[in-house]
Amino acid sequence: MYFTVFLITALVALILLACIAVALRGVSAPRSTLFGPVSYRGAAGHGRNVALSFDDGPDEEFTNQILDILKVHGVPAAFFVIGRYSETNQDLLRRIHAEGHVIGNHSYSHNHFGAFRYTRYWEHELAHTDETIHRAVGLRPTLVRPPMGLRNPLMMKTFRRCGYTTVTWSCRGLDGVTTTAKKILDRISKTVQAGSIILLHDGTDPFGQRNPQSTIDALPKIIADVRSQGLEFVRLDELIDVTPYR
Ligand SMILES: [Zn+2]
């Protein structure tokens, strides 16, 4: 009798743990489509192409340096901008656009607890950020990347209903925290492959602490390393076959 009760309790606990693990994966794994479709790598048929993407700018000092490096090396990129930074960096958005890069929405406030917020909150975050981008370049993006890649079902439903494509990544430098240029380069070099969406950061999120200088130091080496592996940079919207603006 006791053994049967123990077995049933253990089984229920196991099922609960499995459900929690699946839900956590849906919230945080860049490749999970549990709560809706995500683009985490290139569409089929894109050969040896990869795309660079930057989060958490625009930043007066660091985004300009990133743009300088991309220009020298002829590399297109995607910039997922934070709305509250875009308000005060309109010229920088114009420079990103004028130099042939694409701009995506990375929320207005980059709240770390955004994955616990729902429809009304996300409608406001998206619209408010789009407005700052539109004011600068006259375009409204269709690409969105949730802060830290964290999602919930209602948030993903809002993204879809408002016509956005959710973009995560398949290769990252883990440069959103304090690290070194060598570690960033090593991580990208070992994990990049055909179709990769590479995630780096050109700014610091409003609640984070780091120095994006390590990313700037690593970037020219990353570009050379990726090319030495026979891979070619294309713009993110081309890699995933999506029209980037409405
Ligand atoms: Zn971010």
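**Exercise 1. The two sides of helix H7**

Task: In this predicted model, work out which residues of H7 are exposed and which are buried.

Solution: Start with the outside. Lys-182 and Lys-190 are exposed on one side of H7. Now look for the covered positions: in helix H7 (residues 181–191), the buried residues are Ile-184, Leu-185 and Ile-188. These three span an arc of only 95° around the axis, so they sit on the same side of H7. The two lysines, then, are on the other side of the helix. Next, ask what the buried side leans on. Its residues pack against strand E6 (171–172), strand E7 (197–201) and helix H8 (213–228). As a rule of thumb, nonpolar side chains tend to be buried together in soluble globular proteins.

**Exercise 2. A residue on helix H8**

Task: Decide whether Ile-223 counts as buried, exposed or partly exposed, and find its contacts beyond four places in sequence.

Solution: First, place the residue: Ile-223 belongs to helix H8. Second, count its surroundings. There are 18 other C-beta atoms within 10 Å, which makes Ile-223 partly exposed, because being buried takes 20 or more and being exposed takes 12 or fewer. Third, skip the neighbours within four places in sequence, and the contacts of Ile-223 are His-73 and Val-75. Finally, try a distance: from Ile-223 to Gln-213 is 10 residues in sequence and 16 Å in space, C-alpha to C-alpha.

**Exercise 3. Strand E1 and its partners**

Task: List the strands that pair with E1 and say which way they run.

Solution: Begin with E1 itself. Strand E1 (residues 49–57) is mostly covered, with 8 of its 9 residues buried. Then take the partners in turn:

- Strand E8 (residues 232–233) runs parallel to E1 and is joined to it by 2 bridges; here Val-50 has Phe-233 as its bridge partner.
- E7 also pairs with E1 in the parallel sense, over 5 bridges, and Asp-55 is matched with His-201.
- E2 is parallel to E1 too, with 5 bridges between them; Phe-54 stands opposite Phe-79 in E2.

To get from E1 to E2, the chain goes through helix H2 (residues 62–73), and this β-α-β crossover is right-handed.

**Exercise 4. One strand further on**

Task: Find how E3 pairs with E2, and check whether the faces of E3 are covered or open.

Solution: E2 and E3 run parallel and share 4 bridges. For a concrete pair, take Phe-80, whose bridge partner in E3 is Gly-104. Now the faces. In a regular strand, side chains alternate between the two faces of the sheet. On strand E3 (residues 102–105), Val-102 and Gly-104 are on one side, Ile-103 and Asn-105 are on the other, and all are buried. Both faces of E3 are therefore covered.

**Exercise 5. The core**

Task: Name the residues that touch the most other members of the largest nonpolar core, then trace the contacts of Ile-197.

Solution: The core holds 51 residues, and those touching the most other members are Ala-51, Ala-78, Phe-79, Val-81, Ile-197, Ile-198 and Leu-236. Strand E2 (residues 77–81) gives the most to this core, with 5 residues. For Ile-197, leave out neighbours within four places in sequence; what remains is Tyr-40, Arg-41, Ala-51, Ser-53, Val-167, Trp-169, Ser-170, Cys-171, Leu-236 and Leu-239.

**Exercise 6. Domains**

Task: Say where the assigned domains lie in the chain and how far apart their centres are.

Solution: The domain assignment gives domain 1 as 1–30 and domain 2 as 39–239. Their C-alpha centres are 36 Å apart.

How values were computed:
Residues numbered from 1 in each chain as written. Predicted model: local features only at pLDDT ≥ 70, side-chain atom pairs only at ≥ 80, totals over all residues. Core = buried A, V, L, I, M, F, W, Y, C linked by C-beta atoms within 7 Å. Contact = placed C-beta atoms within 7 Å. Domains from an automatic or database assignment. Arc of directions from axis to C-beta. Pairing = 2+ DSSP bridges. Right-handed = clockwise from strand over helix to strand, strands pointing away.
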